[in-house]
Amino acid sequence: MQSMVGCTNKLVKDGFTENFKVSEAGLMALSKERIYKPEDVSIVNFYRFEGYSDPGDNTILYAIITNDKLKGTLTDGYGAYADPLVEKFIK
């Protein structure tokens with residue numbers, strides 16, 4: 001995939017419609033108000049995007065399926081701009 005928008009649109013067409021966010025409690029499904037632990041999710045793919053001129057534009061998009069079959073995405077920066085909570089959850 002060439003762009004994050006194109007990749008996200010493809011994932012949505014494939015059923016990855018939930019938006020996830022990581023908090024201290026775990027991975028939050030924003031529309032369902034559910035929280036998942038690392039053992040409750042599978043990362044089925046990920047995509048890295050690099051900005052042309054600004055390292056702050058470096059982004060990674062995770063395609064995730066939960067143990068109860070909820071499919072969605074999680075976005076984070078990578079490298080120096082990675083969110084420590086996301087990094088900890090993914091590891």
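This report covers the cores, two buried residues, the salt bridges and the main pocket of a predicted model.

**Nonpolar cores**

In soluble globular proteins, nonpolar side chains tend to be buried together. Here the largest nonpolar core has 14 residues. F20, L27, Y36, I64 and L74 have the most contacts inside this core. At least two core residues come from each of β1, β2 (26-29), β5 and α2. The top contributor is β5, with three residues.

L27 shows how this region is packed. Leaving aside residues up to four places away in sequence, L27 touches F20, K21, V22, R34, I35, Y36, V41, I64, L74 and F89. Among these partners are F20, Y36, I64 and L74, which are also listed with L27 as having the most contacts inside the core.

A second core is separate and has six residues. Its members include L11, F16, F49 and A63.

**Two buried residues**

L70 sits in the loop between β5 and β6. Its relative accessibility is 13%, and the cut-off for buried is under 20%, so L70 counts as buried. Beyond residues up to four places away in sequence, L70 touches E18, F20, A29, K32, Y36, I64 and I65. F20, Y36 and I64 in that list belong to the largest nonpolar core. L70 and M4 are 66 residues apart in sequence, and their C-alpha atoms are 21 Å apart in space.

T73 lies in strand β6, which spans residues 71-77. T73 also counts as buried, because its relative accessibility is 9%. With residues up to four places away in sequence left out, T73 touches L11, F16, E18, N19, F20, L61 and Y62. These contacts include F20, a residue of the largest core. They also include L11 and F16, which are part of the second core.

**Salt bridges**

Side chains of opposite charge can pair when their charged atoms come close. The structure holds three salt bridges. The table gives the N to O distance and the relative accessible area of each partner.

| Pair | Closest N to O | Accessibility of each partner |
|---|---|---|
| K10 and D14 | 2.8 Å | K10 38%, D14 36% |
| D68 and R34 | 3.1 Å | D68 37%, R34 38% |
| E87 and K91 | 3.4 Å | E87 39%, K91 79% |

K91 counts as exposed, because its 79% is over the 50% cut-off. Its partner E87 is partly exposed at 39%. K10 is partly exposed, and D14 is too.

The D68 and R34 salt bridge has its closest N and O atoms 3.1 Å apart. This pair links distant parts of the chain, with the two positions 34 residues apart. D68 is in the loop between β5 (59-66) and β6, while R34 is in strand β3 (residues 34-36). Both D68 and R34 are partly exposed.

**The largest pocket**

How much space lies in the largest pocket? The volume is about 150 Å³. The lining consists of V22, S23, E24, A25, G26, K37, P38, L85, K88 and F89. Two elements give two or more residues to this lining: β1 (18-23) and α2 (84-90). α2 gives the most, with three residues. By class, the lining has five nonpolar, two polar and three charged residues.

Some names recur between the pocket and the core region. V22 and F89 line the largest pocket, and both touch L27.

Key
Residues numbered from 1 in each chain as written. Predicted model: local features only at pLDDT ≥ 70, side-chain atom pairs only at ≥ 80, totals over all residues. Heavy atoms only, no water. Helix = DSSP H or I, 4+ residues; strand = E, 2+ residues; numbered from the N terminus. Buried < 20%, exposed > 50% of the residue type's maximum accessible area, 1.4 Å probe, protein only. Contact = heavy atoms within 4.5 Å. Salt bridge = Lys/Arg side-chain N within 4 Å of Asp/Glu carboxyl O. 1 Å grid on protein atoms, 1.4 Å probe; cavity = no way out; pocket = protein on both sides within 12 Å on 5 of 7 lines; lining within 4 Å. Points joined across faces, edges and corners; volume = space filled by probe spheres on them. Nonpolar A, V, L, I, M, F, W, Y, C, P; charged D, E, K, R; others polar. Core = buried A, V, L, I, M, F, W, Y, C linked by side-chain atoms within 4.5 Å.
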